[in-house]
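Q: Could you take a close look at one helix in this model and then follow its contacts outward into the rest of the chain? I would like a careful, connected account rather than a list.

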Amino acid sequence: MGYYWTATPALPEDVAAALGLEVEFDDQAQAEAWLTSAYADLAEAGVHDVSLYEAGRLVYGPMSLDA
C-alpha cells in the first residue's frame, strides 16, 4: 500500500475519483507533486483540508487548502 490523500469534508466517491483522490502513489514526493497540481481543483470542489497517509499511517495533516 502506498501514499494517498484524504479530504475534509469527504467528497462523494465519484467526485473523489474524478479529482484523483483515490490514486495511490509509490512515494511521498509523487503524492506531494500530485497535490501541487490538483490543489485548485480540490479547493474548487469544496475541500478544506487534506491529510497524507502511508499504508494507513498519518504522515501529516490535516493541512488547510483555504487561502
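**Helix 2 and its surroundings**

A: In this predicted model, the residues of helix 2 that are buried are Ala 31, Trp 34, Leu 35, Ala 38 and Leu 42. These buried residues pack against strand 1, helix 1, strand 2 and strand 3, the last of which covers residues 57-64. An α-helix has 3.6 residues a turn, so residues three or four places apart point the same way.

The geometry of the helix itself deserves a careful reading. Helix 2 has 17 residues, which at 1.5 Å a residue should span 24 Å, and its end C-alpha atoms are indeed 24 Å apart, so the two values agree. Helix 2 nevertheless has a kink of about 60°, centred on Ala 38, and Ala 38 is itself one of the buried residues of this helix.

The link from the helix to the interior can be followed through the largest nonpolar core, which holds 17 residues; among its members, Trp 5, Leu 21, Trp 34, Leu 42, Val 47 and Val 50 touch the most other members. Strand 1, helix 1 (13-19), helix 2 (28-44) and strand 2 are the elements that give two or more residues to this core, and helix 2 provides the largest share, five residues. Leu 42 illustrates how this works at the level of one side chain: leaving aside neighbours within four places in sequence, Leu 42 is in contact with Leu 19, Leu 21, Trp 34, Leu 35, Val 47, Val 50 and Leu 65.

Trp 34 also takes part in an aromatic pair, and a search of the whole structure finds three such pairs. One of them is stacked, because the rings of Tyr 4 and Tyr 53 have their centres 5.6 Å apart and their planes at 10°. That pair links distant parts of the chain, with Tyr 4 in strand 1 (residues 3-8) and Tyr 53 in strand 2 (residues 49-54), 49 residues apart. Tyr 4 counts as buried because its relative accessibility is 17%, whereas Tyr 53, at 22%, counts as partly exposed. The pair that involves helix 2 is formed by Phe 25 and Trp 34, and it is tilted, with 6.0 Å from centre to centre and 40° between the planes. Phe 25 and Trp 34 are both buried.

Strand 2, one of the elements that the buried face of the helix packs against, can be examined through Ser 51, which lies in that strand. Ser 51 has a relative accessible area of 8% and is therefore buried. Not counting residues up to four places away in sequence, Ser 51 touches Tyr 4, Trp 5, Thr 6, Leu 58, Tyr 60, Gly 61 and Pro 62. Two residues in that list, Gly 61 and Pro 62, are joined by a cis peptide bond with omega near 0°, and Pro 62 is found in strand 3.

Strand 1 is likewise packed against by the buried residues of helix 2, and Thr 8 has its place in that strand. Thr 8 is partly exposed, since its relative accessible area is 42%. Setting aside residues up to four places away in sequence, Thr 8 touches Val 47, His 48 and Asp 49, and its C-alpha lies 9.3 Å from that of Ser 64, although the two residues are 56 apart in sequence. A cis peptide bond, with omega of about -5°, joins Thr 8 to Pro 9, and Pro 9 lies in the loop between strand 1 and helix 1.

The loop between strand 2 and strand 3 completes this survey of the surroundings, and Ala 55 has its place there. Ala 55 has a positive phi of about 50° although it is not a glycine, and with a relative accessible area of 46% it is partly exposed. There is one salt bridge by the rule applied here: Arg 57 forms it with Glu 54, the closest N and O atoms being 2.8 Å apart. Arg 57 is partly exposed, with a relative accessible area of 45%, and Glu 54, at 26% relative accessibility, also counts as partly exposed.

Terms used
Residues numbered from 1 in each chain as written. Predicted model: local features only at pLDDT ≥ 70, side-chain atom pairs only at ≥ 80, totals over all residues. Heavy atoms only, no water. Phe/Tyr/Trp six-rings, centres within 6.5 Å; stacked < 30°, edge-to-face > 60°. Helix = DSSP H or I, 4+ residues; strand = E, 2+ residues; numbered from the N terminus. Buried < 20%, exposed > 50% of the residue type's maximum accessible area, 1.4 Å probe, protein only. Core = buried A, V, L, I, M, F, W, Y, C linked by side-chain atoms within 4.5 Å. Contact = heavy atoms within 4.5 Å. Salt bridge = Lys/Arg side-chain N within 4 Å of Asp/Glu carboxyl O. Expected span 1.5 Å × (residues − 1). Bend = angle between axes of the 7 residues up to and from the residue.
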